[in-house]
Amino acid sequence: MSTTTSTYTYWINGIDATYGDRGVGARFVESITIKRNDGAALDFDSELPTLQSETVVPTIGSIYSGVAGVYGNRARARGFSARTSPGNLITVAIQYDTQYVVDPCDGVFRLPSSISYSTVIRSSAAYRTGWSVQPPPGSDVSADIGGTALAGGQVTVPQNVPQVRIKASFTQDAVITGLSSAVSATNYANKLNSASFLGVSAGYLLCEGVNIVQTQHEFYTVQFDFLYDFWAHHSQVATLDADGRIQTTSNAPTEVKWKRVERSSIDFNGIYGANVRLQEITERGFWLPCPPAP
């Protein structure tokens, strides 16, 4: 079936559709043939503004207006190619795509999200070994840690403290959630977790920062950088005298405490916006099998 505008008549030859998993999205290529109503040759380059004003060819970034099932209202025009055909006809291939996919479990549109982990080591100076008081995740300072002074008295020995860097990434649609709105995610920066998050108890996880980067088209990524620390971000600190020197007994520090930089805390689970399903598929890494019905 053809459609006629003031200047042109066109008809759809067909649509090629490709559907992918999360992170792949969907792609459509619509083929249309166009001719001028006056029978003259069509110069696609010079007539493109008219073709677009008469909605024969879409403007880049516009929503797909054809019939493409559930994805049609999410796919946007990304580009097109044109070739001449006999009879003063032009055949145009219009490319549409989207990063949205439909969750097979609840039918909701989803954008990519993921969690990644990497292990690192930090070096921390230690005055004691075999301490009886563990680094307190809920406090910035402890009582004397106990244990045995290391050989050398006031000399510290470097200790390797295991850490895990965790990156949580979420693709966002700037048409729905503008970049200025995403800036609120930085409220998590330089805070400790106040509740269990990703299986990590409160006080052990630090949000080092949030990165917001435009990736492609209308999409951008919000990445949270978390750091787990085996000592809950504490270090051994010897108590000082008024003159700034370490208090000593028998040439060893009299008192050693766990101390860390004072920080406020927040529930990191809030990054999911109370979306239980988003949290589930992000932390699991895949969305199947579907959760049982309530």
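Let's start with β14 and β15. Ten is the count here: 10 bridges join β14 to strand β15, residues 219-229, and the two run antiparallel. This is a predicted model, by the way. The pair forms a hairpin, with 2 residues between the strands. Look at the turn. His-217 sits there, with a positive phi of about 55°. Next to that turn, check the register: Gln-216 stands opposite Phe-219 in β15.

Now the other pairing of β14. Strand β14 covers residues 205-216, and 2 bridges join it to strand β13, residues 191-193. Again, the direction is antiparallel. For the register, take Lys-191: Cys-207 in β14 stands opposite.

On to another sheet. What is the strand order in the open sheet of 5 strands? The order is β1-β2-β3-β5-β4, with antiparallel pairing. β1, residues 2-4, and β4, residues 76-85, stand at the edges. Each has a single partner strand, so one side of each is left without a neighbour in the sheet. From one strand to the next, the twist averages 25°.

Inside that order, take β3 and β5. Strand β3 spans residues 26-36, strand β5 spans residues 89-98, and they pair over 9 bridges in the antiparallel sense. One register point: Arg-27 has Asp-97 in β5 as its bridge partner.

Last, the helix. Which strands does helix α1 lie across? Helix α1, residues 44-53, lies across β2, β3, β4 and β5. Here β2 is residues 8-19. Against β4, the helix runs at about 130°.

Key: Residues are numbered from 1 along each chain as its sequence is written. This is a predicted model: local features need pLDDT of at least 70, side-chain atom pairs count only at pLDDT 80 or more; totals for chains, interfaces and linings use all residues. Side-chain values use heavy atoms; hydrogens and water are left out. Two strands pair if DSSP finds at least two bridges between them. Helices (H or I, at least four residues) and strands (E, at least two) are DSSP runs, numbered from the N terminus. Axes are lines fitted to C-alpha atoms, for helices over the stretch in contact, and angles run from 0 to 180 degrees between N-to-C directions. Contact means heavy atoms within 4.5 Å.
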